[in-house]
Amino acid sequence: MNFEFTEEQLMIKQAARDFAVRELLPDILERDAKCIYPERQVKMLAELGFFGIMIDPQYGGGGMDSISYVLALEEIAKIDAATAVILAVHNSLTAYGIEHYGTEDQKQKFLPSLASGEKIGAFLLSEPEAGSDATSQKTIAEDKGDYYLINGTKNWITSADHGGLYILIAQTYPEKKHKGINAFIVDRNSPGITLGPHEDKMGMRSSDTHSVMFTDVKVPKENRIGEDGFGFSFAMKLLDGGRIGIAAQAIGIAGGAFDLALKYSKERKAFGTEICNHQAIAFKLADMAVKLENGRNLILKCAWLKDQGKPYSLESAMAKQYCGDSAMEITTEAVQIHGGYGYVKEYHVERLMREAKVTQIYEGTSEIQKIVISRTLLKD
Amino acid sequence: MKILVCMGNVPDTTTKIRFDSEMKKLDTNGVQWVINPWDELALTRALEIKEQSGGKIEKVSVINIGKADAEPTIRKALAIGADDAYRVDADPTDSYFIAAQIAEVAKAESFDIIMCGIESSDFNDAAVGSMLAEFLDYPSVSAVSSFEFNDGNISLKRDIDGGKETISVSAPFVAIVQKGICINPRIPAMRGIMMARTKPIKVTDPVATDSLIEALTFDLPVSKAACKMVDADNTDKLIELLHGEAKVL
Ligand SMILES: Cc1cc2nc3c(=O)[nH]c(=O)nc-3n(C[C@H](O)[C@H](O)[C@H](O)COP(=O)(O)OP(=O)(O)OC[C@H]3O[C@@H](n4cnc5c(N)ncnc54)[C@H](O)[C@@H]3O)c2cc1C
């Protein structure tokens, strides 16, 4: 057992931190207020290799481990959760999916442009009537011999507009239910793809989220991932890993709010003393710190298991549920510690509290994580 | 041409500084070490110049005088983009000692341009650069805030009272750089971090040199007194405090 980070892991964490403070913090309030996509920053992160962080160097990536990845995501999310979700979807879902389940041809064709950040990845699973219940896919991928014909609508798609490469989940054999579902690599610019308007969200406002409509979109057969009917099982495997990324994002948001609350509590005075000297505030800080530590340890354990090639679906469900719920609690307390100042935008905790909410919702709600956890416990 | 960038290994600038019980040595417990910020700027500019030089600058090396525990910081410099590194295995006791050691390597490896930060953020001696130039018998240019390399013609700008002085210089020389030399220090990229694994750090023993400085004791600055608030209408009170207590009137 070894709790020490390696020199490289620390270097990556620091690089992410330096980048976030220098490049993301200065315009975050404006991007949040006006829903501006971090175009410049995404380009810089791409140049630094954060969009290929775990991809094998033979496809142009950095070949770093999952621990480095979650440390980087956490540092980015501390400052800017919207940029963190762009990275998380791209790395944990799109890039990982192609690298681990794609054919050699697919890897050579698609990974280099993902690794360089020339193309940003998106993952299209949710539908207007298929969220938690992802088995009830209504988007149809009709087998036409040498291509599939796609029709249907996907909802809530992160990076739908700025993303260049989609992983699409769709139904080929409705009678087979989830066993008839397939996964495809789809170019965002394929004829027949149209986007709904930018969703006006509570948080993650600087990331673009749209519904995506497919009308007679042709996808070549060679773009299907895995065997015929592998799509649902593929999506679930991806989400197991994706949840570690979202947990890291959640704990980043929470850590950012905690740092601000800790600092503020040592500066703000009430009743003749700094508010951290009031036990009610000091105990809040203690509770927040314990949750942060627990959350981080859960995430690191998942990342370690993943790097060791060991199973991690139970642990990643635990991490996602715990970190998402803790992020909501910690950010709410951070606002409370700031009093009225916490309720205005200038102090950032208001935004962090809004950002935290969605970590209990996407990539499986907290309730769904508890279903995964309890079913695993109750199995046989 | 070859550039050598001198880099100090210093406590992170946000470190809470503590000394041992005799107030003679820095207490290094829990200290996070970083590249001296000015040296990091020098390195960034050196790499930019190399990239724009069309091959005229073959390599950028870094040198550190320090023990093995400085290697993580050295590897960060390699991850940022330095081609290789030298470490002289000795405690960096004072500026004279450090400059003597760097001079030895610079001479042996015949570097054309030597860049160093104007001072270190820990001891603020601001002496290594000039001493090094003396040891090497090279010209030195201090307070350099702009470094241009056009097809081998080197033009430097120095900050002087009320303005800037532009000078042209030919190698070999020592450039002592300060803020302004580049916009921001470079953040290491994944590729750089990966490549740093295989870049060489050449370790050599120090040459015999005396340290000329012995620190008798260190003092911590007195903590800032709490801010006193005076009612806006009460100017008499303000004058009384400025006169009687702060003694600035
Ligand atoms: C900002 C944002 C970005 C997103 N990005 C993407 C993306 O890139 N790609 C993508 O595919 N999707 C994305 N999503 C969609 C997200 O994954 C879904 O919203 C999520 O899975 C929940 O689905 P739903 O909204 O349909 O809620 P529902 O499934 O309708 O759930 C409603 C409520 O019922 C609860 N519930 C449902 N079933 C059960 C049950 N069996 N037991 C107990 N409680 C239950 C849920 O926990 C929730 O509280 C994004 C969503 C948001 C908000």
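## Ligand contacts

A backbone N or O atom of A:Phe123 lies 2.7 Å from a nitrogen atom of the ligand. The model is a predicted one, and the contacts described here are computed from it. Two side chains of chain A also offer polar atoms to the ligand. In A:Thr158, a side-chain N or O atom is 2.8 Å from a nitrogen atom of the ligand. In A:Glu367, a side-chain N or O atom is 2.8 Å from an oxygen atom of the ligand. On its own the ligand has 970 Å² of accessible area, and the protein covers 63% of that area.

## The shell around the ligand

The ligand is surrounded by 16 residues, of which A:Phe123, A:Ser126, A:Ser132, A:Trp156 and A:Thr365 come nearest. Sorted by class, the shell consists of 8 nonpolar, 5 polar and 3 charged residues.

Two elements of chain A, strand S3 (147-158) and helix H11 (366-378), each supply at least two residues of this shell. The largest share belongs to S3(A), which provides 3 residues.

## Salt bridges within chain A

Side chains of opposite charge can pair when their charged atoms come close. Over all chains, 39 salt bridges are counted.

One of them joins A:Glu75 to A:Lys78, with the closest N and O atoms 3.4 Å apart. These two residues are separated by about one helical turn, because they stand 3 residues apart in helix H4 (residues 66-79) of chain A. Both A:Glu75 and A:Lys78 are buried.

Another salt bridge links A:Lys144 with A:Glu142, and here the closest N and O atoms are 3.3 Å apart. A:Lys144 has a relative accessible area of 38% and is therefore partly exposed. A:Glu142 is likewise partly exposed, its relative accessible area being 37%.

## Salt bridges involving chain B

In chain B, B:Lys164 and B:Asp159 form a salt bridge whose closest N and O atoms are 2.7 Å apart. B:Asp159 has a relative accessibility of 29%, so this residue counts as partly exposed. Elsewhere, salt bridges with shared partners connect A:Glu7, B:Lys67, B:Glu71, B:Arg75, B:Arg87 and B:Asp89 into one network.

## A nonpolar surface patch on chain B

B:Ile239, B:Val248 and B:Leu249 make a nonpolar surface patch of about 310 Å². Within this patch, B:Ile239 is located in helix H6 of chain B, whereas B:Leu249 belongs to the segment that follows helix H6 (235-245).

The accessibility classes of these two residues can be stated individually. B:Leu249 counts as exposed because its relative accessibility is 59%, a value that lies over the 50% cut-off for that class. B:Ile239, at 48% relative accessibility, counts as partly exposed. B:Ile239 is also 15 residues from B:Lys224 in sequence, and the C-alpha atoms of B:Ile239 and B:Lys224 are 21 Å apart in space.

Terms used: Residues numbered from 1 in each chain as written. Chains lettered and ligands numbered in written order. Predicted model: local features only at pLDDT ≥ 70, side-chain atom pairs only at ≥ 80, totals over all residues. Heavy atoms only, no water. Patch = residues over 30% accessible without salt bridge, like charges linked within 9 Å, V, L, I, M, F, W, Y side chains within 5 Å. Areas by Shrake-Rupley, 256 points an atom, 1.4 Å probe, with all protein chains shown as cover. Salt bridge = Lys/Arg side-chain N within 4 Å of Asp/Glu carboxyl O. Helix = DSSP H or I, 4+ residues; strand = E, 2+ residues; numbered from the N terminus. Buried < 20%, exposed > 50% of the residue type's maximum accessible area, 1.4 Å probe, protein only. Near = heavy atom within 4 Å. Polar contact = N/O pair within 3.5 Å; in protein donor to acceptor, adjacent residues only side chain to side chain. Nonpolar A, V, L, I, M, F, W, Y, C, P; charged D, E, K, R; others polar.
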